[in-house]
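Dear colleague,

I am handing over the structure we spoke about, and it is placed just below. Please open it next to this message, since the notes that follow go through it region by region.

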Amino acid sequence: MKRLIAMMNATQNRPDDPRPGSMSTLAFTVSDRDFPGGEQTAARTLMAVCAATVDDATISVPARAPEAEDAADRAWRVTITPALGEHGRKRLEGCLEDVTLDRVIGHVTDVRTSE
């Protein structure tokens, strides 16, 4: 019974309380196999699709996101305000790292939060 309760708690999808004045910066890489429009389009499309997992009336994921962080490392960065809570971060990371788009997969390399 304890395992069942632990699993239920671990998989629940709860909203996070917004923290005014805070922000999260998420860095990720993208692997694409001939995605139409190239890597930049793949990164932007993936982020646009995954933004829906956390985008609500209190959290803003920019539509232009992500920005190139390091072209050599194929790294991308997006700033989200207010900061992602634990549940929102898990949903966004899960979406970016799942096979959400054909021939595109992301890998979250860093999430930083500042108040």
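A residue is called buried when its relative accessible area is under 20%, exposed when that area is over 50%, and partly exposed in between. By that rule Glu86, with a relative accessible area of 45%, is partly exposed. Please keep in mind throughout that this is a predicted model.

Helix 3

Glu86 belongs to helix 3, which runs over residues 86-97 and has 12 residues. At 1.5 Å a residue this helix should span 16 Å, and its end C-alpha atoms are indeed 16 Å apart, so the expected and the computed spans agree. Within helix 3 the buried residues are His87, Gly88, Leu92, Glu93, Cys95 and Leu96, and these pack against strand 1 (23-32), helix 2 (38-51), strand 3 (75-80) and strand 4 (104-114).

Salt bridges

Over the whole structure, a search finds 3 salt bridges. In one of them Glu86 pairs with Lys90, the closest N and O atoms being 3.0 Å apart; both residues lie in helix 3, 4 residues apart, which is about one turn of the helix. Lys90, at 45% relative accessibility, counts as partly exposed. Another salt bridge joins Arg89 to Glu93, where the closest N and O atoms are 3.0 Å apart, and this pair too lies in helix 3 with a separation of 4 residues, about one turn of the helix. Here Arg89 is partly exposed, with a relative accessible area of 27%, while Glu93 is listed among the buried residues of the helix. The remaining salt bridge is formed by Asp110 and Arg112, with the closest N and O atoms 2.5 Å apart. Asp110 is partly exposed at a relative accessible area of 28%, whereas Arg112, at 56% relative accessibility, counts as exposed.

The disulfide

The same kind of search finds 1 disulfide in the whole structure. It joins Cys50 to Cys95, with an S to S distance of 2.2 Å, and with -80° about the S-S bond the link is left-handed. Because Cys50 lies in helix 2 and Cys95 in helix 3, the pair ties together parts that are 45 residues apart in sequence. Both ends fall under the 20% limit for burial: Cys50 has a relative accessible area of 0%, and Cys95 counts as buried at 12%.

The nonpolar core

The largest nonpolar core holds 20 residues, of which Leu26, Phe28, Val30, Leu92, Leu96 and Val104 touch the most other members. Strand 1, helix 2, strand 3, helix 3 and strand 4 each give two or more residues to this core, and the largest share, 5 residues, comes from helix 2. Leu96 may be a useful residue to look at on the screen: leaving aside its neighbours within four places in sequence, Leu96 is in contact with Leu26, Leu46, Met47, Cys50, Ile105, Gly106 and Val108.

Strand 4

Lastly, Thr109 is found in strand 4 and is partly exposed, with a relative accessible area of 47%. Not counting residues up to four places away in sequence, Thr109 touches Ala27, Phe28 and Thr29. Thr109 and Arg77 are 32 residues apart in sequence, and their C-alpha atoms are 9.8 Å apart in space.

With best regards

Terms used
Residues are numbered from 1 along each chain as its sequence is written. This is a predicted model: local features need pLDDT of at least 70, side-chain atom pairs count only at pLDDT 80 or more; totals for chains, interfaces and linings use all residues. Side-chain values use heavy atoms; hydrogens and water are left out. The expected span of a helix is 1.5 Å times one less than its number of residues. Buried means under 20% relative accessible area, exposed over 50%, partly exposed in between (1.4 Å probe, protein chains only). Contact means heavy atoms within 4.5 Å. A nonpolar core is a set of buried Ala, Val, Leu, Ile, Met, Phe, Trp, Tyr and Cys residues joined through side-chain atoms within 4.5 Å. A salt bridge is a side-chain nitrogen of Lys or Arg within 4 Å of a carboxyl oxygen of Asp or Glu. A disulfide is a pair of cysteine sulfur atoms within 2.5 Å.
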